[in-house]
Every structure is written in structure tokens, then in C-alpha cells.
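Hi there,

Here is the structure I promised to pass on to you. Have a look at it first, and then read on for what turned up.

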Amino acid sequence: MIAGDATGIALAIAKRLVEGGARILLTARTPQERMRLGDELGSSARVVNPAALRTHLEAGGGVDLLFADSVPTTRPLLSHVKDGGAVVLTTPAPPPAAVHDLAAELASRGIRVNAVAPDCIESPGGSAASLPPLGRLGAAEEVARAALFLATDATFTTGARLPVDGGLRRA
């Protein structure tokens, strides 16, 4: 499940999950966005109004993976994450302490909590930013791959914050 507006990185994550055969629940604010995303993602995706998210979660029995933009967005949804699941935060600057604290809080349920920290990512209508050491802007798809790695393959990783920034933080 993806909590938050289904644009940019969240939409790239949704597409990858659907391509992999997952059933997803995501939010979009307007009826037009919900219809467009439903058409784009197909029958494996359920696109709902953010205000109706909790109702759909309660009816669905919980989620294995939760992708959200921040700890405050995530908190009200934690009771719906299945034990042994994963939470991945996707905001550009998740505070490392917040990621670590949430990971420690959910460790007893076997829920792993990690974060991607994207920067220098292309966006429609974005301004020309300074390029990172790799010499190009990244794509939302590249952030999505990192987020999916943390959610599915990094099974002995929790409390981590992975920069996806073309080396910017190392320069």
C-alpha cells in the first residue's frame, strides 16, 4: 500500500509493484486523479480518496508493505501493517532519529522500517538544480527501485536511511 499522493516517486513505486503482480491500495486527492491512476495501473490497483483510506484498510485486513512520505503520515496506519511487514519512508529528508525510533518501536512485531532520502530527482516543471557528482539528475524510477529493495530484499535491515542522490551527500 502507498499512503500519500500517487505522483512522482509514489507512482513509480506503484507501477513497479503492479508489474510484479502485487495488489496495491493508494490515494489520490481528486476524482479525476483516481480515475486516471486506476486506468493507468489497472485492476491490481485500488485508488481511493485519502479520507477513505482507513475504511479500505479495515476492510482489507492489513498490508504487508507500507510506503509513506513521513512518520506522521505513517503513524495512523501502523495498526494495519501486518506483523513481519515493512515500512519505507520516501521523503527527501527523513530525520535519521525518527527512522531509527520508529524501527525500534516496531521491531517487536517484526516490522522493518527504513527510508530512502531522494535528492536531485527530475520532476516535471522542476528548476535546473546543480548536478550531483554523477553528473545527471536521477529519476523517480531509481528511487522506487531503492525503496522496493528496502521493503522486500533488505530483510535484515531496519532503521536505515539510504541516500538516493547521485553522490550529493558525499561531495
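Starting at the N terminus, the elements of the chain follow the order β-α-β-α-β-α-β-α-β-α-β-α-β. That comes to six helices and seven strands. Please keep in mind that this is a predicted model.

How compact is the chain? Its radius of gyration is 16 Å, close to the 16 Å that the globule rule gives for 171 residues, so the chain is as compact as a globular protein of that length. If you lay the C-alpha trace along its principal axes, it spans about 45 × 40 × 25 Å.

Next, the contacts. Taking those between residues at least 6 apart in sequence, 59% join residues at least 24 apart.

On to the inside and the outside. Of the 171 residues in the chain, 42% are buried. The accessible surface amounts to about 8,800 Å², and carbon and sulfur atoms account for 54% of that surface.

Two threonines make a nice pair to look up in the viewer. Is T74 buried or exposed? T74 sits in helix α4, which covers residues 71–74. Its relative accessible area is 0%, and buried means under 20%, so T74 is buried. Leaving aside residues up to four places away in sequence, T74 touches L66, A68, V87, L89 and L102.

Now try T55, which belongs to helix α3. Its relative accessibility is 55%, and the cut-off for exposed is over 50%, so T55 counts as exposed. You can also check a distance here: T55 and F67 are 12 residues apart along the chain, and their C-alpha atoms are separated by 18 Å.

Finally, the pocket. Rolling a probe the size of a water molecule over the atoms shows where empty space is left. The largest pocket holds about 440 Å³ of space. It is lined by 17 residues, and the closest to its centre are R23, I24, L25, G62 and V63. Which elements give two or more residues to this lining? They are β2 (24–27), α3 (53–60) and β4 (63–68). Helix α3 gives the most, with four residues. By type, the lining of the largest pocket divides into nine nonpolar, four polar and four charged residues.

A good way to begin is to find α3 in the viewer, as it holds T55 and also gives four residues to the lining of the largest pocket. Then go to T74 in α4 and pick out its contacts, including L66 and L102.

Enjoy exploring, and write back with any questions!

Best wishes

Key. Residues are numbered from 1 along each chain as its sequence is written. This is a predicted model: local features need pLDDT of at least 70, side-chain atom pairs count only at pLDDT 80 or more; totals for chains, interfaces and linings use all residues. Side-chain values use heavy atoms; hydrogens and water are left out. On a 1 Å grid over the protein atoms alone, a cavity is a set of points where a 1.4 Å probe fits but cannot get out, and a pocket is an open set with protein on both sides within 12 Å along at least five of seven lines; lining residues have an atom within 4 Å of a point. Grid points are joined across faces, edges and corners, and a volume is the space filled by probe spheres set on the points. Ala, Val, Leu, Ile, Met, Phe, Trp, Tyr, Cys and Pro count as nonpolar, Asp, Glu, Lys and Arg as charged, and the others, Gly among them, as polar. The radius of gyration is taken over C-alpha atoms; the globule rule is 2.2 Å times the number of residues to the power 0.38. Buried means under 20% relative accessible area, exposed over 50%, partly exposed in between (1.4 Å probe, protein chains only). Contact means heavy atoms within 4.5 Å. Accessible areas come from the Shrake-Rupley method with a 1.4 Å probe; for residues, only the protein chains shown count as cover.
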